[in-house]
Amino acid sequence: MRLATLRSPDDGTHASLIHPDLTSATVLPDYPTVRHLLEQEHWEEIARTATGPQRIVRPADLAPVIPRPGKIICVGLNYARHIEEMGHERPDVPTFFIKFPEALAGPYDDVVLPPWAQQAADFEGELAVIVGKRARRVTAAEATEYIAGYAMMNDYSLRDYQYRTLQWHQGKSLEKSSGFGPWLTTREDFRPGALLQTWLNEHPMQKAPTDDLVFTPQALIEYLSHLYPLEPGDVIVTGTPAGVGHARSPKRYLRDGDTVRVRVEGLGEIANTTIFERE
């Protein structure tokens with residue numbers, strides 16, 4: 001099952017059930033976003049039995065699948081090869097940083113970079129885990145039942161801002177810079193280990209199975225839920241594989257007009273084009 005937050009002509013949004021053809025949907029008019037749907041105890045049954053209006057789905061209609069998560073928790077250094085290319089030791093515990101909801105963009109939206117953010121912008125294709133019910137002090141063995149499903153995020157990273165201090169957040173939360181979607185694919189319809197790939201324009205840049213993680217989604221939920229409760233619609237962004245532009249020689253930062261495309265088997269793909277704002 002696939003659930004999306006679709007933009008409406010009146011500038012509102014509605015949670016919607018995406019049909020198998022991926023080009024049409026059933027609208028759930030009582031739920032403005034997928035997060036509002038997930039907050040219902042029996043959200044899966046509500047979605048499966050939806051009888052709302054039917055509509056065509058165009059790429060531009062797709063909003064961030066959860067437009068305003070309560071929490072967006074990102075994991076750094078979680079693929080072994082990426083850890084090596086960035087010159088770090090393999091961690092014993094996960095490295096977290098926070099992304100704010102204002103950083104999210106639709107899965108096919110342009111990412112407009114202001115002049116001060118154009119010098120060292122990088123791409124990071126990532127698997128995102130979306131929480132389906134409140135998780136407090138759960139074990140890794142229990143954690144799967146707390147996962148509503150999966151999506152993708154293009155974690156645009158401003159490397160110059162990121163490395164100004166030891167805290168990475170300032171390079172990770174630029175307004176409307178992180179494509180998120182295209183929809184939530186429920187956990188039973190996702191194959192663990194599915195291949196993640198990122199292209200820059202037509203050039204393959206990243207490729208790794210999504211089970212090649214130092215810390216699995218279940219391990220992350222266990223760790224985080226012992227710090228604070230996770231709520232329906234919270235998002236855990238699980239890290240990026242090797243191949244980012246910052247680690248290449250020479251470095252390959254994003255240029256005006258570059259399109260970053262991220263694909264995970266079974267989840268679909270997202271694509272964001274970089275636009276340099278003029279002074």
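Helices (H or I, at least four residues) and strands (E, at least two) are taken here as DSSP runs, numbered from the N terminus. On that basis N201 sits in the loop between strand 14 (195-200) and strand 15 (203-209). The model described here is a predicted one.

## Overall chain

The protein chain contains five helices and 18 strands. Its radius of gyration is 18 Å, which agrees with the value near 19 Å that a compact globule of 279 residues would have. Along the principal axes, the C-alpha trace covers about 55 × 45 × 30 Å.

Of the 279 residues, 57% are buried. Among contacts with a separation of 6 or more, 74% are between residues 24 or more positions apart. The exposed area of the protein chain is about 12,400 Å², and carbon and sulfur atoms supply 50% of that area. The charged side chains number 29 positive and 38 negative, with the centres of the two sets 2 Å apart.

The UniProt record, an unreviewed entry, places the feature "domain: Fumarylacetoacetase-like C-terminal" at residues 71-273. Over residues 71-273 the chain is 34% strand and 9% helix. The C-alpha atoms at the two ends of this range are 26 Å apart.

## Buried positions

Three positions illustrate buried sites in a strand and in loops. F180 belongs to strand 13 (residues 178-186). Its relative accessibility is 0%, so F180 counts as buried. A151 is 29 residues from F180 along the chain, and the C-alpha atoms of the two are separated by 7.2 Å.

D61 is in the loop between strand 4 (54-56) and strand 5 (72-76). Buried means under 20% relative accessible area; D61 has 6% and is therefore buried. Not counting residues up to four places away in sequence, D61 touches T5, L6, R7, R55 and I56.

P101 is part of the loop between strand 6 (95-98) and strand 7 (104-105). With a relative accessibility of 15%, P101 also counts as buried. Leaving aside neighbours within four places in sequence, P101 is in contact with P67, R68, P69 and I72. For P101 and P67, the C-alpha to C-alpha distance is 6.9 Å and the sequence separation is 34 residues.

## Backbone geometry

Most residues other than glycine have a negative phi, and most peptide bonds are trans. The sites below depart from one or the other of these patterns.

| Site | Feature | Value |
|---|---|---|
| G181 to P182 | cis peptide bond | omega near 0 degrees |
| S249 to P250 | cis peptide bond | omega about 0 degrees |
| R137 | positive phi | phi near 55 degrees |
| N201 | positive phi | phi near 55 degrees |

For the cis bonds, P182 is found in strand 13, whereas P250 is in the loop between strand 16 (235-237) and strand 17 (259-264). F180, described above, also lies in strand 13.

Both residues with a positive phi are in loops. R137 is in the loop between strand 10 (125-131) and strand 11 (147-154), and N201 is in the loop that joins strand 14 to strand 15. R137 has a relative accessible area of 54% and is exposed. N201, with a relative accessible area of 26%, is partly exposed.

Definitions and conventions
Residues are numbered from 1 along each chain as its sequence is written. This is a predicted model: local features need pLDDT of at least 70, side-chain atom pairs count only at pLDDT 80 or more; totals for chains, interfaces and linings use all residues. Side-chain values use heavy atoms; hydrogens and water are left out. UniProt positions are given in the numbering used here, feature names are shortened, and annotations may be inferred rather than shown by experiment. The radius of gyration is taken over C-alpha atoms; the globule rule is 2.2 Å times the number of residues to the power 0.38. Buried means under 20% relative accessible area, exposed over 50%, partly exposed in between (1.4 Å probe, protein chains only). Contact means heavy atoms within 4.5 Å. Accessible areas come from the Shrake-Rupley method with a 1.4 Å probe; for residues, only the protein chains shown count as cover. Lys and Arg count as positive and Asp and Glu as negative; His and the chain ends are not counted. The place of a charge is taken as NZ of Lys, CZ of Arg, CG of Asp or CD of Glu.
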